[in-house]
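Student: I have a structure open and some questions about its chains. Can we go through them one by one?

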Amino acid sequence: MTDLATNVSQPPAAGAAGRSLWATALMRLRRNKAAMASLVILLVYIFAGIFGPMLAPHDYARVYPDFVKVPASLEPYPRMDAVLPAAESTARRARLEARNIELDGNTLRLEATSRREIDPRVTRYFDRSDLFSNTHIVERSADGRSVLLESQVERYRFIFGTDANGRDLFARILISIRISLMIGALATGVALVIGVAYGATAGFLGGRIDNMMMRVVDILYALPFTFFAILLVVFFGRNVVLMFIAVGAVEWLDMARIVRGQTISLRRREFVQAAEALGVSAGGILRRHIIPNTLGPVIIYMTLLIPKVILLESFLSFLGLGVQEPLTSLGVLISEGARNMRAAPYMLLYPSLALTLLLFALNFLGDGLRDALDPKDR
Amino acid sequence: MKKRAGIRSLLAGALAAAALVAGANMALAATTYIRGNDSDPETLDQHKTSTISEAHLMRDLYEGLVIYDAKANVIPGVAESWTVSEDGTVYTFTLREDARWSNGDPVTAEDFVFSFRRIQDPATGAKYATIQYPIKNAEKINKGEMDPSALGVRAVDDRTLEITLERPTPYFLELLTHQTGLPLHKASVEEYGSDFVKPENMVTNGAYRLVSVTPNDKIVMEKNEHFREADTVAIERIEYIPFEDRSACVRRFEAGEVHSCSDLPAEQLKSIRARLGDQVRTPPYLGTYYYALNTQNEALSDPRVRMALSMVIDREFIAEEIWSGSMLPAYSIVPPGIGNYVDNPPQYDWADEPLLDREDKAIELMREAGYGPDKPLELELSYNTSENHKNTATAIADMWAPLGVNVTYNVRDGSAHYAHLRDSDDYQVARAGWIGDYSDPQNFLFLVREDNTGFNYAKYRNPEYDALLDKAAAETDLEKRAEVLAEAERVFLRDTPFIPILYYSSHSLVSDRLKGWEDNIQNVHATRFMSLSE
Amino acid sequence: MLGYVVRRLLGAIPTLFLVVTASFFLMRVAPGGPFDRERALEAKVLENLNRVFHLDKPLWEQYLRYLGNLARGDLGPSFIYRDFSVQELLASGLPISMQLGGLALLVALVFGCVLGCIAALRQNSWVDYGVVAVATFGITVPNFVVAPLLSLVFGVWLAMLPAGGWGGGSPANLVLPVITLALPQIAIVARLIRGSMIEALRSDHVRTARAYGLPARMIVIVHALRAACLPVVSYLGPAAAALLTGSVVVETIFGLPGIGRYFVQGALNRDYTLVMGTVIIIAVFVVVFNLIVDLLYALLDPRVRYD
């Protein structure tokens with residue numbers, strides 16, 4: 001990441017000049033089509049993550065036992081030719097013997113007999129099934145051993161298909177976007193706070209303290225990250241939020257290095273020395289002059305850290321240590337999909353597309369920001 | 001520079017060699033059986049083994065007094081005959097004269113004595129020592145209360161072995177087929193210590209001898225020319241390949257790189273069956289998949305709650321849809337097909353009732369116990385990470401919803417999950433499973449004995465139940481014993497400390513070219529009974 | 001220079017010590033132990049086992065014992081591979097992981113550099129966009145999707161290459177795992193090279209070289225690429241350390257006997273000694289590669305000097 005630290009020039013202190021720099025950067029970003037498209041995509045994702053689960057046609061946790069692993073399709077389920085066998089098997093479960101079943105539009109008529117007297121409540125076996133609703137007895141023979149039932153056939157659309165429990169994949173992708181974005185933002189936010197504070201302090205104080213602090217960073221670098229992540233899951237497995245705060249707490253190392261590099265060069269600048277001469281406290285200088293000026297590379301790094309965290313989460317999902325039910329994440333959906341890739345390719349395809357698009361957007365936005373904030377590249 | 005050139009030529013040769021590999025596989029295939037295994041063995045020291053994958057290896061390397069044939073019937077092994085004393089406590093085995101170790105030494109009664117003593121010696125740290133506890137003094141020795149020489153196993157002469165039991169044990173012969181009953185080559189164990197399992201040191205008496213072990217790669221065995229029936233062994237060489245990733249085994253099977261897989265990804269079973277047809281084998285297996293209920297928990301201490309939770313589970317749905325028909329719905333804890341049991345084993349009396357009627361009754365039970373939609377019961381369901389455990393838990397939580405049960409999940413990796421079950425008192429519902437070590441109901445019913453601290457996850461305490469098991473243990477008449485055990489299972493079902501959900505099936509993929517692989521409830525498949533056709 | 005290297009390596013010893021200490025205690029705080037499996041053990045059996053492995057001793061005593069053994073170069077016995085010591089496992093697995101990782105690194109460097117250069121020289125053309133898009137794609141698809149897909153397509157459907165297995169290290173068995181490992185690295189290297197190459201092409205010394213009338217290809221290769229290598233080198237340091245110590249995903253899916261999965265198998269099965277062994281290996285690799293990066297910097301950038 002050193003290239004970021006050295007390549008991006010140091011904007012002057014906040015004020016008129018600073019605004020104009022940010023304004024130019026924004027202007028240049030606007031000219032970058034890929035970055036703007038990415039920004040739009042990202043906004044769509046954020047919108048989908050926040051409101052999608054509320055607007056989705058199915059609840060993400062709703063189980064449709066009759067529609068387990070149905071392929072993605074624009075046609076509604078059940079397929080017409082599947083209704084009759086389904087009605088027959090429902091009748092069997094109600095201990096009825098189906099004599100004659102016919103389908104008239106969306107209305108199902110079923111004649112059934114039983115060796116025992118039929119309880120009028122048999123209709124609930126049909127209503128309980130996802131396929132039928134509003135079942136009622138039209139006719140009942142005198143001995144009560146045969147009935148004529150009428151029922152409405154329900155139609156559902158699963159545009160992305162359903163998962164192994166019969167839950168709508170589209171709704172699950174929406175909720176997974178929310179979770180994945182949340183995980184990315186949380187971990188990155190934590191990394192940001194710790195990394196910036198640590199890096200700025202080390203760079204600003206310099207000397208022996210700087211050496212010490214960077215030594216600690218070196219040691220943490222040598223600790224294998226996967227090991228950490230696995231242990232974190234073992235500790236915080238039940239709580240996604242805690243877990244990714246913890247991930248953020250170990251992902252700040254690069255951030256600290258970048259900010260430290262920036263701070264050291266800022267510290268030699270006249271405006272910082274002027275502030276020091278005026279007797280502004282160290283904390284004040286850090287807050288007012290140093291940290292705001294490291295923002296550029298930090299933002300760029302953030303757009304790269306979010307994908308990293310999301311991919312890390314998907315790796316943990318592959319190990320079976322991902323987000324817990326009934327919530328889900330893109331990583332969990334993809335690792336489920338990867339297991340079912342031959343029997344149910346749509347289970348892999350749609351979540352993968354969702355992830356790829358999101359990561360594309362984040363990467364291009366990061367590139368765009370880098371170009372926009374780099375005055376050398378005019 | 002030199003190294004780089006080497007790498008470049010490697011890359012250049014890669015594609016050319018790719019074509020050759022397929023051909024090379026073909027040539028080897030006629031004599032080499034490439035056998036997929038669940039995982040690598042933890043050890044090849046039979047006294048320290050505990051897993052099914054290790055049992056497969058042991059079966060090919062060693063031969064016990066009695067063995068399983070291809071159909072899992074108990075047949076004579078090293079022992080050509082045996083007699084049992086009147087009271088059923090003393091077994092006298094006559095060993096075959098032609099039984100040989102792979103270095104040519106005869107297999108003697110002393111080798112068995114050595115082996116049986118070693119497994120009970122606390123210094124060995126054997127995980128499965130308990131299996132042979134029916135042998136006189138075994139338990140005391142294993143607990144360090146007696147010297148190993150006090151064990152009830154005695155070499156009368158080189159070819160006569162006498163085993164004395166604590167009490168009559170109808171399934172004892174079957175226990176001897178287990179890897180804990182295998183002999184050890186005393187001389188090499190004494191010479192090499194724990195290194196006796198290294199391929200260069202290992203001496204075995206089975207149909208095969210060990211050639212090489214590479215963790216995560218393969219274990220190679222070749223035919224033991226000294227084996228007493230070596231001329232009947234058709235397969236010359238076996239390569240056991242561990243597959244952590246079940247799908248990887250299926251791919252390699254389809255690519256013709258392995259001849260059998262020992263496990264399959266259940267969630268893909270339907271599509272695998274569609275592609276590979278009869279090569280997919282899913283016979284019933286001696287095991288039960290269950291949810292343990294912590295009976296010390298306030299809500300779950302009420303048997304009505306436990307029964308209600310069991311009643312509403314649609315086992316057919318879970319077996320068919322979640323497990324792709326690879327498991328069977330379970331309405332009792334003892335799996336069907338087990339030995340030494342009654343003809344009509346007990347099951348839940350509501351097993352045949354329609355599901356919604358069961359649901360009504362269950363709601364009523366919950367209401368009596370004080371729970372319902374207005375006073376929901378919060379349950380935490382723990383399971384160890386696995387795709388199918390997850391899907392099963394999700395489905396069951398959905399079935400419990402009408403009872404007013406709100407489920408939260410606690411997913412952990414295997415170690416943490418089982419440690420939690422064993423050590424903690426605050427779990428509520430937890431997934432677990434049990435694969436029988438031997439075909440006897442006792443091996444399932446003992447799980448919830450009060451004194452069985454290791455397995456009684458339910459912390460179930462019922463003196464009546466324990467008394468029935470004790471009574472069965474003392475009963476020498478097999479039919480009467482079966483009745484008593486059935487009575488115990490009825491008590492189990494009435495109290496439901498565990499909710500039986502599914503009976504296991506074993507999932508194997510067996511190439512059409514592999515002959516002699518017979519499906520059986522023990523899932524035992526010794527390579528010596530198989531052959532590979534062209 | 002040599003003095004610097006020696007100083008850095010000596011300085012790594014306390015780092016390693018702290019890493020070992022932190023990992024040792026972190027591992028022990030995790031719930032569960034090496035003997036907690038599906039098949040529970042009877043209390044007495046567990047006690048016997050704990051005694052055999054000295055797990056019944058107080059934690060600090062186990063720690064001191066571990067340090068003592070470590071000082072003698074003994075990493076202890078493995079819990080999940082009881083017939084092997086941790087040294088034996090690492091000794092047999094590490095060369096395999098290094099071979100795979102090294103090849104992947106080489107492939108990534110070659111392809112990444114070529115693609116990155118092409119993109120940079122044709123900046124803002126369709127070629128450029130194409131390379132960037134493909135490169136980004138390489139980063140965004142998780143390797144646990146790529147690996148089974150490659151195995152399925154080339155191993156099962158096309159039957160061109162083995163679907164899995166090590167095959168004694170035969171070249172055919174290496175192709176798919178190396179591709180899987182290299183893909184994201186190619187992508188990252190290509191992007192890094194492209195970015196810094198664009199900058200280098202605009203820099204003064206390349207402009208000067210051009211002004212002197214040196215042939216275009218020379219300029220690109222000698223001057224721009226050399227300068228553009230710096231960020232790649234600093235990226236590849238940690239990346240190489242990670243690649244050479246194996247990937248659990250690739251090794252599990254292709255069934256390769258490297259050390260990548262010991263790490264995860266060890267952590268999930270609480271194989272304390274095996275995890276510690278892999279942690280040490282990885283830490284050593286990180287330290288060594290950071291050093292190599294710094295030395296390469298001195299080599300590539302005349303402004304950096306170590307004395």
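Tutor: Start with terms: helices are DSSP runs of H or I with at least four residues, and strands are runs of E with at least two, both numbered from the N terminus. Keep in mind that this is a predicted model.

Student: How many helices and strands does chain B have?

Tutor: Use the definition above and count the runs of each kind in chain B. The count is 16 helices and 21 strands.

Student: What radius of gyration does chain B have, and what would a compact globule have?

Tutor: Begin with the length, 534 residues. A compact globule with that many residues would have a radius near 24 Å. The value for chain B agrees with this: 25 Å.

Student: What box do the C-alpha atoms of chain B fill, and what share of its residues is buried?

Tutor: A residue is buried if 20 or more other C-beta atoms lie within 10 Å of its own. Of the 534 residues in chain B, 54% are buried. Along the principal axes, the C-alpha atoms fill a box of roughly 75 × 65 × 45 Å.

Student: Among contacts in chain B between residues at least 6 apart in sequence, what percentage joins residues at least 24 apart?

Tutor: Two residues are in contact if their C-beta atoms lie within 7 Å. Take the contacts in chain B between residues at least 6 apart, then keep those at least 24 apart. The share is 69%.

Student: Asn137(B) has a positive phi; is the residue buried or exposed?

Tutor: Asn137(B) lies in the loop between α3 and α4 of chain B. Its phi is about 70°, although it is not a glycine. It has 20 other C-beta atoms within 10 Å, so Asn137(B) is buried.

Student: Now chain C: how many helices and strands are there?

Tutor: Read the elements of chain C from the N terminus on: each one is an α. The totals are twelve helices and zero strands.

Student: Which residue marks the bend in α4(C)?

Tutor: Helix α4 of chain C covers residues 86-121 and has 36 residues. From first C-alpha to last, the helix reaches 50 Å, close to the expected 52 Å. It bends by about 30°, and Pro95(C) follows within four residues of the bend, which is at Gly93(C).

Student: How far apart do the C-alpha centres of the two domains of chain C lie?

Tutor: Domain 1 of chain C is 2-71, and domain 2 is 92-306. They touch: 15 residues of domain 1 are in contact with 13 of domain 2. On the domain 1 side, those residues are ten nonpolar, four polar and one charged. The centres lie apart by 32 Å.

Student: Which element gives the largest share of the side of chain B that touches chain C?

Tutor: Here 49 residues of chain B are in contact with 52 residues of chain C. Elements that give two or more residues to the chain B side are α1, α7 and α13 of chain B. The largest share is eight residues, and it comes from α1(B).

Student: And which element gives the largest share of the side of chain A that touches chain B?

Tutor: In this case 24 residues of chain A are in contact with 27 residues of chain B. Two elements of chain A, α5 and α14, give two or more residues to this side. The largest share, three residues, comes from α5(A).

Student: What distance separates the centres of the two domains of chain A?

Tutor: Domain 1 of chain A has two segments, 33-59 and 161-377. Domain 2 is 80-153. Taken over C-alpha atoms, their centres are separated by 54 Å.

Student: Is Ala98(A) buried, exposed or partly exposed?

Tutor: Ala98(A) sits in strand β1 of chain A. Its contacts beyond four places in sequence include Leu110(A) and Ala112(A). It has 18 other C-beta atoms within 10 Å, so Ala98(A) is partly exposed.

Student: Which peptide bond of chain A is cis, with omega near -5°?

Tutor: Look in the loop between α3 and α4 of chain A, where Pro78(A) lies. Lys69(A) lies in the loop between α3 and α4 too. The cis bond runs from Tyr77(A) to Pro78(A).

Conventions
Residues are numbered from 1 along each chain as its sequence is written. Chains are lettered from A and ligands numbered from 1 in the order in which they are written. This is a predicted model: local features need pLDDT of at least 70, side-chain atom pairs count only at pLDDT 80 or more; totals for chains, interfaces and linings use all residues. Domain bounds come from an automatic or database domain assignment. The expected span of a helix is 1.5 Å times one less than its number of residues. The bend at a residue is the angle between axes fitted to the seven residues ending there and the seven starting there. The radius of gyration is taken over C-alpha atoms; the globule rule is 2.2 Å times the number of residues to the power 0.38. A residue is buried if 20 or more other C-beta atoms lie within 10 Å of its own, exposed if 12 or fewer, and partly exposed in between; C-beta atoms are placed from the backbone. Ala, Val, Leu, Ile, Met, Phe, Trp, Tyr, Cys and Pro count as nonpolar, Asp, Glu, Lys and Arg as charged, and the others, Gly among them, as polar.
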